[in-house]
Amino acid sequence: MAVNPSARGLTALRLFLGVFFLFEGIGKIGWLMDPSPLTTQLTGYLQGANQWNRAYLETVCLPGAAVFARLVLFGELATGVSLILGAYARYAAIAAFLMVLNIHFASGALFQYRFLTNGYGLPVLGGLLALAVGGAALPLSLRK
C-alpha cells in the first residue's frame, strides 16, 4: 500500500513540531518548582500592553502565573510526546495551537507587525492547524 506524499509531509511536520514542543517543555522544567520566570515574562509584557491584553494580563495571567507555569510545562511536554509518537496528534495540535495563540495574545505580539515575521508565530500556528485538520492516521503513528 503506497503512502500519500501529503501524509508523508504531514508526518514530517508532526515530528518536527513534536521535537520543538518537547524541547520547549524541557527548557521550562525549572518552572515546576519556581514559576517566577513566567511571572517576570508576563510582567514584562505589561510594559507594552495595549487595551486588548492589559486586562487579560492583570486579571487572568498574573494572578494565575503559578498554575499556568506548570500547565505550560506539562502541556508542551505532553504535546511534544504526543506529536512524536503520533498518539492523539490532532488533539495535541489543537491544544498546542491554543497555547501558542494564548502566549502571543498575552504578549501583545498578535497585534503587531512583528507577529507576521516571528518564527514562533505564523509558521508554528500554521503547522499546528494543518495537523489539527489533517493529522489523523499518518504514517509512523502509534495510533492510526
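Which residues is Ser141 in contact with, leaving aside its neighbours within four places in sequence? They are Arg14, Leu85 and Gly86, where contact means heavy atoms within 4.5 Å. We will come back to Ser141 after a look at the whole protein.

**The model as a whole**

This is a predicted model, in which local features need pLDDT of at least 70 and side-chain atom pairs count only at pLDDT 80 or more, while totals for chains, interfaces and linings use all residues. Residues are numbered from 1 along each chain as its sequence is written, and side-chain values use heavy atoms, with hydrogens and water left out.

The pLDDT is the predictor's confidence in each residue, from 0 to 100. Its average over the protein is 94, and 98% of the residues score at least 70. Helix H4 (residues 65–85) has the highest confidence, at a mean of 97, and helix H6 (residues 114–117) the lowest, at 91.

Reading along the sequence, you meet the pattern α-α-α-α-α-α-α: there are seven helices and zero strands. Helices (H or I, at least four residues) and strands (E, at least two) are DSSP runs, numbered from the N terminus. The C-alpha trace spans about 55 × 35 × 20 Å along its principal axes. Of the contacts with a separation of 6 or more, 73% are between residues 24 or more positions apart.

Of the 144 residues, 38% are buried. Here, buried means under 20% relative accessible area, exposed over 50%, and partly exposed in between (1.4 Å probe, protein chains only). The accessible surface comes to about 8,100 Å², and carbon and sulfur atoms hold 70% of that surface.

**Ser107 and Tyr120**

Ser107 sits in helix H5 (residues 89–107). A polar atom of the Ser107 side chain lies 3.1 Å from the backbone oxygen of His104. Beyond its neighbours within four places in sequence, Ser107 is in contact with Tyr45, Asn53 and Arg114.

His104 also appears in the surroundings of Tyr120, a residue of the loop between H6 and helix H7 (122–134). Not counting residues up to four places away in sequence, Tyr120 touches Phe20, Glu24, Val100 and His104. Although Tyr120 and His104 are 16 residues apart along the chain, their C-alpha atoms are separated by 9.0 Å.

**The segment after H7**

Back to Ser141, which is found in the segment after H7. Its side chain reaches the backbone oxygen of Leu138 at 2.8 Å. This is a polar contact, meaning a pair of N or O atoms within 3.5 Å; within protein, one must be able to donate a hydrogen and the other to accept it, and residues adjacent in sequence count only if both atoms are side-chain atoms.

Ala137 is in the segment after H7 too, and so is Leu140. Ala137 has a phi near 55°, a positive value in a residue other than glycine. For Leu140, phi is also positive, at about 60°, although Leu140 is not a glycine.

**Buried or exposed?**

The table lists the residues discussed above with their relative accessible areas.

| Residue | Relative accessible area | Class |
|---|---|---|
| Ser107 | 13% | buried |
| Tyr120 | 47% | partly exposed |
| Ala137 | 49% | partly exposed |
| Leu140 | 65% | exposed |
| Ser141 | 11% | buried |

Ser141 is counted as buried because its relative accessibility is 11%, whereas Leu140 is exposed because its relative accessible area is 65%.

Definitions and conventions
Accessible areas come from the Shrake-Rupley method with a 1.4 Å probe; for residues, only the protein chains shown count as cover.
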